[in-house]
Amino acid sequence: MVFSKKSFLYSIVALIAFLPSVVLANPTEPVSENKEAVAKENQDPKAEIKEQIEEVKNHHVLDAHSFTFFGDAATGKEYGFPLPIILWDGGLHVFSSSKFEEGKAAEDGGNYYVLHHEKIYKTGADGILTEHEGHPSNATPLDFSITKGVFTMLLIALLMFLLFRSLGKSYAKNGGVAAGVGRFFEPIVLFVRDEIAIPNIGERHYKKYMSHLLTVFFFIWFLNVVGMTPFGINVTGNISVTFGLAIITFIITTFTAKKDYWMHIFWMPGVPVPMKFILAPIELIGAIIKPFSLMIRLYANMFAGHLVLMSLIGMMFVFKSWIGSPLTFGLSFIISLIEILVTLLQAYIFTMLTALYFGAAVEEHHHGDEHH
Amino acid sequence: MEGNLHLIGAGLVVIGVGIGIGRIGGSALDAIARQPEATAKIQTVMLIAAALIEGIGFAALFAVS
């Protein structure tokens with residue numbers, strides 16, 4: 001493979017140690033109007049870098065309607081590909097996001113639309129947004145576009161389907177032993193079954209929940225890992241995505257729950273009657289807060305993690321000194337490693353808590369609760 | 001002085017999270033020192049508790065900011 005393990009390691013370490021020298025590269029000129037830029041630069045050279053850092057942060061952390069890999073700030077050209085925009089505005093409008101050019105409204109079927117801060121507004125033919133308290137007050141059509149996040153989710157779903165289908169099929173072809181690239185996931189699938197599903201849900205009922213637990217675990221893990229790549233695809237850091245995952249957990253818990261589950265919420269056995277009336281609303285709120293906390297936990301971990309990482313990387317360029325930038329690079333490197341751990345950990349925590357809620361829903365009645 | 005009271009709140013949240021997770025780590029270390037063969041189970045429980053506390057911490061940070 002390589003000539004020797006030790007010198008391979010040394011060369012990797014040397015490569016990483018010399019990476020901070022990239023910070024001595026000159027920053028590119030900002031794309032915005034020159035007069036503004038020159039005036040600002042005379043006032044505060046740091047503000048210009050901070051603006052660029054804000055742009056990069058927003059690119060990496062927020063969703064977008066077209067897929068941009070990187071942009072050449074000097075020429076203003078961006079490399080990437082446009083995605084379809086699907087709007088419902090009384091009628092269905094489908095067009096490519098490349099119609100949204102700077103300063104012009106996109107026209108489709110007689111209606112004009114303008115993209116402002118990744119939101120689509122309906123305007124007249126002139127494309128002017130009427131401001132109201134700092135936000136545009138134009139009408140917004142219903143936006144069903146395929147954004148960066150949706151595109152990534154579809155891609156990951158396809159990848160998961162192919163991977164696990166090939167794993168499942170390889171058992172028949174290979175006499176009970178997994179073969180192919182899916183081999184790597186077999187121990188993880190067994191881990192989800194033996195360490196997450198069976199201890200929390202119990203031997204009798206775990207099978208019908210296994211498919212959801214496995215899907216959620218690998219979906220969140222793969223999405224988190226894809227978010228760590230430099231393409232700026234932060235899907236799980238979007239509250240709508242985690243809301244969808246948490247809502248599915250809530251729906252499954254509610255619709256497969258047994259009578260004991262509802263008894264424990266509304267009419268808890270083994271407790272004096274006045275307490276039952278007090279406990280019922282609290283338990284009901286608890287049943288809603290549990291999936292809500294699932295949503296917030298995953299969203300906040302991913303969003304804040306990426307934001308902090310991008311801010312630290314940006315700080316490297318603000319310092320621009322011999323000692324500050326390499327230290328900041330070291331710090332952001334370590335935080336990247338922690339983020340990689342967090343991707344797996346958050347997927348595991350989400351799956352485990354989901355299994356816990358399923359287990360509470362199908363728990364068998366323990367005799368001795370109210371027989372004093 | 002720049003900033004506002006929100007930042008003090010955010011700092012308090014992080015202190016709480018730090019104390020909580022620190023105590024969990026400490027108890028986990030004590031338990032592992034007593035029974036090294038149960039390390040895997042203790043580690044699992046420690047990570048779960050830490051993630052739950054971190055979840056609350058993040059939610060509070062978002063509410064504050």
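# Close-up views of a predicted model

**Helix α10(A) and helix α2(B) are roughly perpendicular to each other, because an angle of about 90 degrees falls within the range of 65 to 115 that counts as such.** Like every view here, this one shows a predicted model. Helix α10 covers residues 324-361 of chain A, while helix α2 covers residues 39-64 of chain B. Where they pack, their axes are 10 Å apart. Chain A's helix brings Leu345(A), Ile349(A) and Met352(A) to the contact, and α2(B) answers with Leu47(B), Ile48(B) and Ala51(B). Which kinds of residue make up the contact of α10(A) with α2(B): nonpolar, polar or charged? Six are nonpolar, with no polar and no charged residues among them.

**Here the view takes in the contact between chain A and chain B.** Nine residues of chain A and eight residues of chain B take part. On the side of chain B that touches chain A, seven of the residues are nonpolar and one is polar, with no charged residue.

**Stepping back, this view shows chain A with its two assigned domains.** Chain A has 372 residues, and its fold includes 10 helices and 10 strands. Domain 1 runs over residues 87-144 and domain 2 over residues 149-361. How far apart do the C-alpha centres of domain 1 and domain 2 of chain A lie? The separation is 35 Å. Of the residues in chain A, 23% count as buried. If you look at contacts in chain A between residues at least 6 apart in sequence, 56% of them join residues at least 24 apart.

**Three strands of chain A, in the order β4-β3-β10, form an open sheet.** The pairing is antiparallel. Which strands stand at the edges of this sheet? They are β4 (92-96) and β10 (142-143) of chain A; each has a single partner strand, so one side of each is left without a neighbour in the sheet. As a general reminder, strands of a sheet pair through backbone hydrogen bonds, either parallel or antiparallel.

**Strand β3(A), residues 84-88, can be followed here as it pairs with β10(A).** Two bridges hold this antiparallel pair together. Leu87(A) has Asp143(A) as its bridge partner in β10(A), and Trp88(A) is matched with Leu142(A). The two faces of β3(A) differ in their cover: Ile85(A) and Leu87(A) make up the covered face, whereas Pro84(A), Ile86(A) and Trp88(A) make up the uncovered one. Keep an eye on Leu87(A), which belongs to the covered face and also bridges to β10(A).

**The other pairing of β3(A) is with β4(A), as a hairpin.** Five bridges join these antiparallel strands. Among the facing residues, Ile85(A) of the covered face stands opposite Phe95(A) in β4(A). How many residues lie between the strands of this hairpin? There are three, and in the hairpin Gly90(A) takes a positive phi near 90 degrees.

**A further hairpin of chain A is made by β6(A) and β7(A).** Strand β6 spans residues 111-116 and strand β7 spans residues 119-123; they run antiparallel and are joined by five bridges. Two residues sit between the strands, and His117(A) in the turn has a positive phi of about 55 degrees. To trace the ladder, start at Val114(A), whose bridge partner in β7(A) is Tyr121(A), and then find Leu115(A), which stands opposite Ile120(A).

**Asn111(A) belongs to strand β6 of chain A.** Is Asn111(A) buried or exposed? The answer lies between the two: with 18 C-beta neighbours inside 10 Å, Asn111(A) counts as partly exposed, because 20 or more would be needed for buried and 12 or fewer for exposed. Leaving aside neighbours within four places in sequence, Asn111(A) is in contact with Asp89(A), His93(A) and Lys122(A). Asp89(A) is 22 residues away from Asn111(A) in sequence, and their C-alpha atoms are 9.1 Å apart.

**Met268(A) sits in the loop between α8 (259-266) and α9 (273-319) of chain A.** This residue counts as partly exposed, because 15 C-beta neighbours lie inside 10 Å. Not counting residues up to four places away in sequence, Met268(A) touches Lys276(A) and Leu279(A). Gly232(A) is 36 residues from Met268(A) along the chain, and 48 Å separates their C-alpha atoms.

Conventions
Residues are numbered from 1 along each chain as its sequence is written. Chains are lettered from A and ligands numbered from 1 in the order in which they are written. This is a predicted model: local features need pLDDT of at least 70, side-chain atom pairs count only at pLDDT 80 or more; totals for chains, interfaces and linings use all residues. Two strands pair if DSSP finds at least two bridges between them. Helices (H or I, at least four residues) and strands (E, at least two) are DSSP runs, numbered from the N terminus. Two residues are in contact if their C-beta atoms, placed from the backbone, lie within 7 Å. Axes are lines fitted to C-alpha atoms, for helices over the stretch in contact, and angles run from 0 to 180 degrees between N-to-C directions. Angles under 35 degrees count as roughly parallel, over 145 as roughly antiparallel, 65 to 115 as roughly perpendicular and the rest as oblique. Ala, Val, Leu, Ile, Met, Phe, Trp, Tyr, Cys and Pro count as nonpolar, Asp, Glu, Lys and Arg as charged, and the others, Gly among them, as polar. Domain bounds come from an automatic or database domain assignment.
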